[in-house]
Structure formats: C-alpha cells, structure tokens
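Colleague: Please take a close look at a single part of this structure with me. I am new to it, so keep the sentences short.

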Amino acid sequence: MNLLSGMIVLAIIISLFYLSLVDNTEKQIAVQARSVANLAAARVDVIQAYLSKDPSKNLGGIAYEVERKTNAAFVVFLDKNGIRYTHPNPDLIGKPFTGNDELPALREGRSYISKAIGISGPSIRAFAPVFEYTGNQLGAVAVGFWEPDIANIIWGVFRILYIIIPVSLVSVALFSFLLASNVKKTLFGMEPAEIAMQLKERETMLESVREGIIAIDADCKVTVANSAARIILAPEENILGNDVTKVIPNTRLPIVMMSRAAELDEPMLLNGHVVLVNRIPLMVGNNAVGAISTFRDMTEINNLAEELTGARQLVDSLRARSHEFMNKLQAVSGLIQLGSYAEARKYITRLTAKEQSFIEFLLKNIANPAAAGLLEGKSAEAQERGIALSIDPHSRLSALPSYFDENALIIVLGNLIENAMDAVQDLPPGKRRVNVLIAQDADGIFIRVVDNGCGVPSHYLTQIFEKGFSTKEWGRGYGLANVKARVELASGSIDVKSDASGTEIAVRIPVGPACSQE
C-alpha cells in the first residue's frame, strides 16, 4: 500500500515535470527564433540585398549563413507580397509562404512569434519586418525552429532516472525487508500490537502479585519496580533509574548478573524487613543484560503457611492451654501459701478428675493426635472466654484419608470452632454454648459445630465463605474461605443453618474414588 502510494506520487511529479519542461523549452525556442529574426532583419547586407536587382540571389547566402550559425530549421526572406526570396528547398523559392501567419509582419510591420504547420512540418517561428533606411518596408523574414521532440528530451533527461528509480525502489524494498526482519527478530518475532499487549499484561502482572519485583539493566540501574517492592524499599521515592546499590546497599543483584548463577530462597534483611529473596540473571543469548529479584516479607509467608497448614490453630490452642494451666497452678500455689492444704488437695483432685475424664474421652474416641490436641486446646480457650464448649459423646474419629489429612481437619475444625466461639462471645456469661460433633463411618467424615449466637443475617449467608469477607474487624475473613477450599478439594459439602437462635455448620467429607485427591 505504501509502495503504491509512493508510485502515484512519483507519477504526478513526473507529469508536472513533463508539462513544465515542454512549456519552458518552447518558450526558449521562441525567444531564440525572435532574436534571430530581428537581428537578420536589421542586417545591412540584408537591406542592401533587398534593394539589389536580384534579391533572391543575394539573400540566399545570408539565409544559409544564419541557418548554419543558429541551427534554425529555415530562414526565409519574403517580399511584401509574401513571395519567398529564400528557402532551404530551392524548389519553393518564388512561391508564396505557407502557414497564413505571415500577414501581420507584411501588412502591419510587426515582429511576433507563431506556431504553425508549414510545408516542412510543425514549427515555432518568428517574423520580423525588413525596412530600408527611409522606413519603407521591403518585406519580412521568417525564422523557424522545429517543435522539440519532447520524447527524446524526456528520454535524455530521464534516461539515467529510468535506471536509477527502479534500482532505488528495489534497494529500498530490500533494505526495508531486511530492517523489518532484523527489528522483528530483536522483538522476538512479535508484531507491534502483540508488543503493546505484552507490555500491558506485564504491567498488570507486576502490579497484581504480592511479591516485590525489581529489575536492573547491565549498568545496574533499576528499570522495574512494582508497587509491592516500592512499599518495602522506599514508598515515597522514585527509585527507577537509580543505581541499585544506592537503593539496596546490601544487594547481590550485580553479583548474580556477573556470575550468571541464580540464587533462590535466600533470607535477607531489607529496609528493616526480613524477606525471602530470589535473584535470577536476565540472559539474552549468552549475554547477561540485567538481573531480576523477587522478594516477600517472611512475616506474610509465615502467616500464610500457618493459615494453610492449620499450625496457627494448634498454636492458639496450646497458648490457651498453657495460660489455663498457669492460672490453675497459681490457684494451687495460693491455697498452699494460705495453708489450705485440704482445699488444695480437693482442688487438684477435682481438676485432675475432670481433666482426666476429658483426656480419656479424647484418647478413646479421637484417634488423630493433632485433632485431639486441637479440641483440648479449644476447650481450654473456651473456659478462659467463659464459653461452654462440649464435645458430643457420639464423636468418633479413626484414620484420616489422604485427601483430607490432619492439616485439612485442623483447618476445618479449628476455624469452625473459632467462628462459633466468636459468635457467642457477646452473650452473657453462662449462656455461651458451643457443641462439636466429629463422626466417621463408612460414608465418610461428618463435622458439625453448633452455637447459640445471634445467627448470621440471611443476606450474608452466601458471602461468609468468600475470601476477605467478614463482619468482624479488619484483617479477618480468611478462616471460612480456607474451610471451603479444603472441603472442595476433598469433594465435600457444607450446609449452613442459621437463625436468631444460633448457627449450625455441617461439613461432610465423602469417601470413595470420586473424591478429589489434588
């Protein structure tokens, strides 16, 4: 398309040049013819020849001389009646001039230029009157030049261009093809639209990840820094273009670029944050042209790992259990210091019996140690919070399937109990009740947690398992989302019943080959 447009423009330019060339050439010929005619008419020997007895004989040599010196096609002297005294063709001497454009010169004595077709063909000719010294007109002279052969002139002018232009066009096309191929190769074979899309995708991806990402070029200048990286490094400064050693004094990116060896999962202190860093050299062919680093605050990683493995639930339970144990020891210590040894013994016996009974129940019915530990810890936490947490006496749990291991059980059970205890927290002491049932049979595992809280508003029931949704303080809203994720991985189901008298959440984990084991 561009080549066609260029050819059209070139054709227009050549046409305009052709017309201009024709016009200028004819004007130059006309000026030359008129000058020759005027000079010839004014020559003394011409006037003397007109006054001689045989003008035709005497003017013949003069006409030939003028034709030879000026390259005129013809120089014809006429008498006052338009009869030729001279002509290149001797047979036409003595005959009338042809063309009918000689009359103004003979009758009016004017000098002018004309284009006409004479007996020898089309020509540009000039007429000039011939006067004797007294002012009496003796005749006129006609000087003619053949009209220019424009084709020959154009060929003469463009003879070189006719060769140069095609060669130039082929050269330009070849150069353009090679340049486009080289640029495309440099851009990994992508078209401009693909490059724009890739750039937009890259920007979106960089800003969407939680990890900080920075990149440096071969001069160790920072070329990329996403928002997560700027938050950790320098939230209020523009670090792009700065030397990476000024942004991160203890950086190893220049070393990675020089060694071309990646460094993965390296802990590092970065601007007061303990981060886990990956450093990778950026290679183009065999050359290292930069390096990229990704990093993330280890606090976030640890929190995420605890959420995903259920470790937080166990830690919280053990912490509550430890706190409860300290309280009981302090009570025993106080009784001993007061000398109430009998009361101390009764208190210890009562606690031991109750604790032993609960532990025996767990050991007998809950075969999984992690689940038993979680229930014991939640029981202690419930006591601290003034909540009556009861384990259904029909609870039974044996070996867990591989697709719903103890980590998944801890996440599901721990979060359901935690939410149930939060739901009753605002009730008066003595009225806060949470009941837990864990059952396992040939059909699978059944977990049910019931509380007597104020219930979940009906318009929230479809949202409580969405990630980030919470009616509590900021930063929560991941517990039930993790429950849903773990249950769905095991192809299980969740049923929720809730009204003003409380909430019941039941989870069923089926068995069989249909279960997902991802």
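**The open sheet and the helices on it**

Modeller: Helix α14 (residues 369–384) lies across β10 and β11, at about 155° to β10. Angles run from 0 to 180 degrees between N-to-C directions, with axes as lines fitted to C-alpha atoms, for helices over the stretch in contact. Contact means heavy atoms within 4.5 Å. Helices (H or I, at least four residues) and strands (E, at least two) are DSSP runs, numbered from the N terminus.

This is a predicted model, where local features need pLDDT of at least 70, side-chain atom pairs count only at pLDDT 80 or more, and totals for chains, interfaces and linings use all residues. Residues are numbered from 1 along each chain as its sequence is written, and side-chain values use heavy atoms, leaving out hydrogens and water.

A second helix also packs on the sheet: α16 (residues 479–489). Helix α16 touches β13 and β14 (502–510). Its direction makes about 140° with that of β13.

Now the sheet itself. It is open and has five strands, in the order β10-β11-β12-β14-β13. The pairing is mixed. Two strands pair if DSSP finds at least two bridges between them. The edges are β10 (388–391) and β13 (493–499), and each pairs on one side only. From one strand to the next, the twist averages 10°.

Take two pairs in turn. Strands β11 (residues 433–441) and β12 (residues 444–451) are antiparallel, with eight bridges. Here Ala439 stands opposite Phe446 in β12. Strands β13 and β14 also run antiparallel, joined by seven bridges. Asp495 faces Ala506 in β14. A hairpin of two residues links β13 to β14.

Next, the setting. The protein has 16 helices and 14 strands. Of its 518 residues, 36% are buried. Buried means under 20% relative accessible area, exposed over 50%, and partly exposed in between (1.4 Å probe, protein chains only). Among contacts with a separation of 6 or more, 55% are between residues 24 or more positions apart. The protein exposes about 30000 Å², and carbon and sulfur atoms supply 59% of that area. Accessible areas come from the Shrake-Rupley method with a 1.4 Å probe; for residues, only the protein chains shown count as cover.

One last stop is helix α6 (residues 161–186), where Val183 sits. Val183 counts as partly exposed because its relative accessibility is 41%.
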